[in-house]
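Colleague: I am new to this model and would like a close look at one part of it. Please take a single strand and describe what surrounds it.

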Amino acid sequence: MLAHHTLTGPEDAPVLVLGNALGTTTELWRDFSLPFRLLRFDHRGHGLTPAVPGPCAIEDLARDVLELLDHLELRQVYYCGVSLGGMVGMWLAAHTDRVAKLALVCTTAHVPDKARLDDRITRLRAGGMAAVADRVVERWFTPLCPPDVVAAFRADLLKIDLPTYLACVEGVRDMDLRPDLAKIDAPTVVIAAAQDHATPTELVRQIHDELPDSELYVVGDAAHLAVVEAPRTISVILDDHFGND
């Protein structure tokens, strides 16, 4: 299975891979304009990428990215991931030499509140994606986010392959990337959102505290999908981080 992807931007610019949050597609990055060659992709079962039957650990999703990089003959890249995409980025940076610089947005190395995800899994099995969509999307955005934006992301969420989404939720619940943080030597920027109740700032800060070569930023007027609500602010941070060679 090769992930659906787009590769846009100047051919002579460094490649920046953009990893999506769970339940989102490449539309997550639609408002981004960065001076890099941008590689956007959909996780398995999301968007236009086919579903893959069976369990789905973070390592499995990371190996999907490695397959894509090999297919495109990209030896080393910059990587920025939101939430699930950030977890994939941490695994790649810890276990391979393919990530030259890393950015982690609204993500965590472990999930202390596993009961919340257990509840989501129960609701998904009983009522499908519609049973959790409103609750999930509510955590993605602040109340000030335009309703049409919220509605568009909710519609995309409802289209995701249910068994794959379930497997990904279980994979996130069961992961623990904290031992991997000591293996990451790529320069890293870590970004939290002050109104993110899915991955509170203290969880994001724990990643920063474990990475000696990292900087931490907290974006104020945004929730979990901060790249949607604060694209300009985060673009400036990413441009400074990845363009500072």
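Modeller: Take strand E3 (residues 37–41), which runs parallel to strand E2 (residues 15–19) and is joined to E2 by four bridges. Strands here are DSSP runs of E, at least two residues long, and helices are runs of H or I of at least four, both numbered from the N terminus. Two strands count as paired if DSSP finds at least two bridges between them. This is a predicted model, in which local features need pLDDT of at least 70 and side-chain atom pairs count only at pLDDT 80 or more, while totals for chains, interfaces and linings use all residues. Residues are numbered from 1 along each chain as its sequence is written, and side-chain values use heavy atoms, with hydrogens and water left out.

On the E2 side, Leu 16 has Leu 38 of E3 as its bridge partner, and Val 15 stands opposite Arg 37. E1 also pairs with E3, in the antiparallel sense and over four bridges. There, Leu 38 is the bridge partner of Thr 8.

The wider setting is an open sheet of seven strands with mixed pairing, in the order E1-E3-E2-E4-E5-E6-E7. Strand E1 (5–8) and strand E7 (214–219) are at the edges with a single partner strand each, so one side of each has no neighbour in the sheet. From one strand to the next, the twist averages 15°; axes are lines fitted to C-alpha atoms, for helices over the stretch in contact, and angles between N-to-C directions run from 0 to 180 degrees. Helix H2 (residues 84–95) packs on the sheet and touches E2, strand E4 (77–82) and strand E5 (99–105), its direction making about 145° with that of E4. Contact means heavy atoms within 4.5 Å.

Back in E3, five of the five residues are buried, so the strand is largely enclosed by the rest of the structure. Buried means under 20% relative accessible area, with a 1.4 Å probe and protein chains only. Arg 37, Leu 39 and Phe 41 point one way from E3, and Leu 38 and Arg 40 point the other way.

Phe 36 lies in the loop between E2 and E3 and Tyr 78 in strand E4, so their aromatic pair ties together parts 42 residues apart in sequence. Rings of Phe, Tyr and Trp (its six-membered ring) pair if their centres lie within 6.5 Å, and planes over 60 degrees apart count as edge-to-face. The centres of Phe 36 and Tyr 78 are 6.2 Å apart and the planes at 85°, so this pair is edge-to-face. Phe 36 and Tyr 78 are both buried, and with Phe 242 they form one aromatic cluster.

Terms used:
Buried means under 20% relative accessible area, exposed over 50%, partly exposed in between (1.4 Å probe, protein chains only). Rings of Phe, Tyr and Trp (its six-membered ring) pair if their centres lie within 6.5 Å; planes under 30 degrees apart count as stacked, over 60 as edge-to-face and the rest as tilted.
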